[in-house]
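This report sets out the arrangement of two protein chains, beginning with one residue and widening to the sheets, the helices and the interface.

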There are 2 protein chains.
Amino acid sequence: MGAEEGKPRVLIPVYQGVDLLDVCGPAEMFFWGGLQVDLVAEVPGTIVTGSGVALQVSAGLPVPSTYDALWVPGAGSASLERIIGDPDRTYLDFLIAQAQMSTWVCSVCTGALLLAAAGLLDGYTATTHWSAIPDLLANYPKVTVGDGHPRFQEDRNRLTGGGISSGLDEALRLIEILSGTSAAQEAQRVSQYYPDPPVASLIPNVIVPSLG
Amino acid sequence: MGAEEGKPRVLIPVYQGVDLLDVCGPAEMFFWGGLQVDLVAEVPGTIVTGSGVALQVSAGLPVPSTYDALWVPGAGSASLERIIGDPDRTYLDFLIAQAQMSTWVCSVCTGALLLAAAGLLDGYTATTHWSAIPDLLANYPKVTVGDGHPRFQEDRNRLTGGGISSGLDEALRLIEILSGTSAAQEAQRVSQYYPDPPVASLIPNVIVPSLG
């Protein structure tokens, strides 16, 4: 993952309990789409993801610098609450500073709640995991929640994804934005991303708190 | 990832250069579908995947024991050639012994070439990454390659997937087989796996060697 001249660069800051596929689905797509991924951790070392699979991340949060995109993955509520409640604001303040240096500011799944807690979605329309939409509505009134459950939502330079696997579609969109449609098609082709789930189901109607 | 009573158990043996999403897409789905994943490595430690993201895997290849499924991920040709050409046959002999103790024997992507090299697809119909179909046809004449590019192919207790992202669909199918449709639907729902790629492309016509 060393710097390669000319490749668009995406920074993914992870943390304990991060959702595995929020990181690895997009990282795989970015790789095949010709983007450089820099994976860094709030505290470097072994990062145990929510599903128990462990990532080894040797780099810590860097001094904020120019990136084509900042990509914030989500997690379950315990991990989010720890970050949002951290009195040192290590991760949130990093997001704020790094967002200033990033052409695109992206999240997938409940990563949107981290961007929102950092104030980075104020005045923007965003989406998140279907189950987290009530939280986004209730606790971040300056954020507009997009209709329905899109795979991703674009608003100016904010790109926010729905839950977990939405990151695959959203990553293709970011590749398309940064490197063009043919690069996104190449990532789709190499990863054989012509999905066809063998089961069907519906997203539950989540209880949306009144905005009145 | 400790043993939990009553959960179906899936063993995923990884190796240097393994494809990231072949492991992490299914692992995520299995987690939400209530399956226990045991991730083990040909040589335990830091496993650098093909895309550069590193996994930390503390367990080595175990003494073969009863599993509901053995799940073999794929990789690029250099990693496959090393395993297939290994004079000690460490990984291939493990697959042969573990397959005997596994109710289901599965691969995703070019993991099918590893199963084939171990002789575990002889007499079965299988699929693999679209680009690896000529290799499977040319070098493993006892394997029947399924028509087209299905997300996965089932033949008795063999379940083989297409390229990389096919593992998500295939994992849902394995959850359905082992735990029922509602468990697979739950994994789909929690992972919000209602895919909708923002670009479209075609799988190239690969050159298929004559079988005459």
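In this structure, which is a predicted model, B:Phe31 counts as buried because it has 24 C-beta neighbours inside 10 Å; the cut-off for that class is 20 or more. B:Phe31 belongs to helix α1 of chain B. When residues up to four places away in sequence are left out, B:Phe31 touches A:Ser51, A:Gly52 and B:Val37. B:Phe31 and B:Ala187 are separated by 156 residues in sequence, yet their C-alpha atoms are 7.9 Å apart in space.

**The sheet of chain B**

One contact of B:Phe31, B:Val37, leads into the sheet, where B:Val37 of β2(B) stands opposite B:Val10. Strand β1 (residues 9–14) of chain B and β2(B) run parallel and are joined by six bridges. The sheet itself is open and has six strands, in the order β2-β1-β5-β6-β10-β9 (chain B), with mixed pairing. At its edges stand β2 (36–41) and β9 (152–155) of chain B; each has a single partner strand, so one side of each is left without a neighbour in the sheet. From one strand to the next, the twist averages 20°.

Helix α6(B) lies across β5 (67–72), β6 (102–107), β9 and β10 (158–161) of chain B. The angle that α6(B) makes with β10(B) is about 160°.

**Packing of two helices in chain B**

Two packed helices are described by the angle between their axes and the distance between the axes. For helix α1 (residues 20–32) of chain B and helix α6 (residues 166–179) of chain B, the angle is about 35° and the axes are 8 Å apart. The crossing of α1(B) and α6(B) is right-handed. On the side of α1(B), the contact is made by B:Leu21, B:Asp22, B:Gly25, B:Pro26, B:Met29 and B:Phe30. On the side of α6(B), the residues are B:Gly167, B:Leu168, B:Ala171, B:Leu172 and B:Ile175. Sorted by class, the contact of α1(B) with α6(B) has eight nonpolar, two polar and one charged residues.

**The sheet of chain A**

Chain A also has an open sheet of six strands with mixed pairing, in the order β2-β1-β5-β6-β10-β9 (chain A). Its edges are β2 (36–41) and β9 (152–155) of chain A, each with a single partner strand, so one side of each is left without a neighbour in the sheet. With direction ignored, neighbouring strands of this sheet are turned by 20° against each other on average. Helix α1 (residues 20–32) of chain A packs on the sheet and touches β1 (9–14), β2 and β5 (67–72) of chain A. The direction of α1(A) makes about 165° with that of β1(A).

Strands of a sheet pair through backbone hydrogen bonds, either parallel or antiparallel. Three pairings of chain A are listed below.

| Strand pair | Bridges | Direction | One bridge |
|---|---|---|---|
| β1(A) and β5(A) | two | parallel | A:Val10 with A:Ala69 |
| β5(A) and β6(A) | five | parallel | A:Val72 with A:Ser107 |
| β9(A) and β10(A) | four | antiparallel | A:Phe152 with A:Gly161 |

Strand β5(A) takes part in two of these pairings, with β1(A) and with β6(A). Five of the six residues of β5(A) are buried, so this strand is largely enclosed by the rest of the structure.

**The interface and its symmetry**

How many residues of chain A are in contact with chain B? The contact involves 45 residues of chain A and 45 residues of chain B. On the side of chain A that touches chain B, the elements giving two or more residues are α1, β2, β4 (54–57), α6 (166–179) and α7 (181–190) of chain A. Among these, α1(A) gives the most, with seven residues. By class, this side of chain A has 22 nonpolar, 16 polar and seven charged residues.

Two copies of a chain are related by a rotation about an axis and a shift along it. Here, a turn of 180° and a shift of 0.0 Å along the axis lay chain A on chain B with an RMSD of 0.0 Å. The two copies are therefore related as by a two-fold rotation axis. The same surface serves both copies, as 100% of the contact residues of chain A recur in chain B. Of the residues of chain A, A:Leu55 comes closest to the rotation axis, with its C-alpha at 2.2 Å.

Notes:
Residues are numbered from 1 along each chain as its sequence is written. Chains are lettered from A and ligands numbered from 1 in the order in which they are written. This is a predicted model: local features need pLDDT of at least 70, side-chain atom pairs count only at pLDDT 80 or more; totals for chains, interfaces and linings use all residues. Axes are lines fitted to C-alpha atoms, for helices over the stretch in contact, and angles run from 0 to 180 degrees between N-to-C directions. A crossing is left-handed if the near helix is turned anticlockwise from the far one by less than a right angle, and right-handed if clockwise. Two residues are in contact if their C-beta atoms, placed from the backbone, lie within 7 Å. Ala, Val, Leu, Ile, Met, Phe, Trp, Tyr, Cys and Pro count as nonpolar, Asp, Glu, Lys and Arg as charged, and the others, Gly among them, as polar. Two strands pair if DSSP finds at least two bridges between them. A residue is buried if 20 or more other C-beta atoms lie within 10 Å of its own, exposed if 12 or fewer, and partly exposed in between; C-beta atoms are placed from the backbone. Copies are superposed by least squares on the C-alpha atoms of residues with pLDDT of at least 70 in both.
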